[in-house]
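Here is a walk through one protein chain, going from ring pairs to charged pairs and on to a few odd spots in the loops. Keep the viewer open while you read.

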Amino acid sequence: MRMGAQEPPWRVIRAFPQTGGGSLAHLHNVSGGVLAGDRLSLDVRVGPGACAQVTTTGATRLYRHRPGAAASEQHTSLHVASGGLLEYVPDAVIPFGGSRHTQSTSVHLEDGATFFWWEVLAPGRQAMGEEFAYESLRVRTRVQSATRPLLIEEFSLEPQLRPLASQARMGTYSHQASFYAFHVGRPASELRELESVLGQIAGEASHAGSIWGASALAADGVLVRGLSATARELPATLLRFWTAARRYLTGRDAVPPRKLK
């Protein structure tokens, strides 16, 4: 794995070789969080036939908005070349009380590319009594192949204007989690079979405190979504989805970062 340009507050810890090939890189924000007015950019490119895993050294903390400052932003661009594999498994996003943030992720997958990604949105610093105390969190996601968009999503959470405890939104749940598995060029019949595999795990993981579901996309991927009343079970549950999807699409189990073992 070759490291490109790095500018504060981003730092990438050197690549570590993984069992079965590939490299693991840890992304570190040396400022400890995202400050009001910050505009952060991350660009990850995986070459033909290469295998990389990118994670973070801790949760992404979104600090309180300052009067006169712009909302903070993070723009992530991920590109996986033909035959390449990227696993992007960051820690949770935690919006502090009073924060305003926009998170944008753009993914481009070439023919034969494989991509696994999860995302967890926490309600805030619950121990500080800041559950859903942030002002706004906007999330934009676009995943596309060389020929078509595979996933386009955009939503805005504004708890002070539209309470998330509404039954039309999150109800009694506090955490949101998503898992994505893509393999460009995979037959639709196999993706429906993977949907069934992940759907069975979703059913086993659903109970009074959490609910999960899996759905094959129109082409090249499967999406898993979950809502939970606690963060406690999320890492282990996401790891189950990741392991099953990786085994199905690549024939090999996931090799999680040590912090998840």
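Are W212 and F241 buried or exposed? Both of them are buried. One thing to keep in mind from the start: this is a predicted model.

**Aromatic pairs**

Searching the whole structure turns up 8 aromatic pairs. A pair of aromatic rings is described by how far apart the centres are and by the angle of the planes. Take F116 and F179: with ring centres 6.5 Å apart and planes at 10°, the pair counts as stacked, because planes under 30 degrees apart fall in that class. F116 belongs to strand β10 and F179 to strand β13 (residues 175–183), so this pair links distant parts of the chain, 63 residues apart. Like the two rings in the opening question, F116 and F179 are both buried.

Back to W212 and F241, which make a tilted aromatic pair, 5.3 Å centre to centre and with 45° between the planes. W212 sits in strand β14 and F241 in helix α2, so the pair ties together parts that are 29 residues apart in sequence. There is also a cluster: ring pairs link F115, W117, Y180 and F182.

**Salt bridges**

Side chains of opposite charge can pair when their charged atoms come close. How many salt bridges does the structure hold? The count is 13. Three of them are set out here, with the distance between N and O atoms.

| Salt bridge | N to O distance |
|---|---|
| R246 and E87 | 2.6 Å |
| R162 and E158 | 2.2 Å |
| E190 and R186 | 2.6 Å |

Start with R246 and E87, whose closest N and O atoms are 2.6 Å apart. This pair links distant parts of the chain: R246 is in helix α2 (residues 234–250), E87 is in strand β7 (residues 85–89), and their positions lie 159 residues apart in sequence. Both R246 and E87 are buried.

What about R162 and E158, the partners at 2.2 Å? R162 has a relative accessible area of 36%, so it is partly exposed. E158, at 15% relative accessibility, counts as buried because the cut-off for that class is under 20%.

E190 and R186 make another mixed case. E190 is partly exposed, with a relative accessible area of 27%, while R186 is buried at 18%. Elsewhere, salt bridges that share partners join R64, R125 and E130 into one network.

**A buried threonine**

T55 is placed in strand β4 (residues 51–56). Its relative accessibility is 0%, so T55 counts as buried. Which backbone atom lies 2.8 Å from a polar atom of the T55 side chain? That would be the backbone oxygen of V89.

**Two loop residues with positive phi**

Now for the backbone. F132 has a positive phi of about 55°, although F132 is not a glycine. You'll find F132 in the loop between β10 (114–121) and β11 (136–144). Is F132 buried or exposed? At 15% relative accessibility, F132 counts as buried.

D220 is a second case, with a positive phi of about 70°, and D220 is not a glycine either. The loop that holds D220 runs between β14 (210–216) and β15 (221–228). With a relative accessibility of 9%, D220 also counts as buried.

**The cavity**

F132 comes up again here. A search of the whole structure finds 1 cavity of 30 Å³ or more, and its volume is about 40 Å³. F132 is one of the lining residues, together with L121, A122, P123, Y134, L137, L157, M170, S174 and Q176. What classes of residue make up that lining? There are 8 nonpolar and 2 polar residues, and no charged ones.

Key
Residues numbered from 1 in each chain as written. Predicted model: local features only at pLDDT ≥ 70, side-chain atom pairs only at ≥ 80, totals over all residues. Heavy atoms only, no water. Helix = DSSP H or I, 4+ residues; strand = E, 2+ residues; numbered from the N terminus. Buried < 20%, exposed > 50% of the residue type's maximum accessible area, 1.4 Å probe, protein only. Polar contact = N/O pair within 3.5 Å; in protein donor to acceptor, adjacent residues only side chain to side chain. 1 Å grid on protein atoms, 1.4 Å probe; cavity = no way out; pocket = protein on both sides within 12 Å on 5 of 7 lines; lining within 4 Å. Points joined across faces, edges and corners; volume = space filled by probe spheres on them. Nonpolar A, V, L, I, M, F, W, Y, C, P; charged D, E, K, R; others polar. Salt bridge = Lys/Arg side-chain N within 4 Å of Asp/Glu carboxyl O. Phe/Tyr/Trp six-rings, centres within 6.5 Å; stacked < 30°, edge-to-face > 60°.
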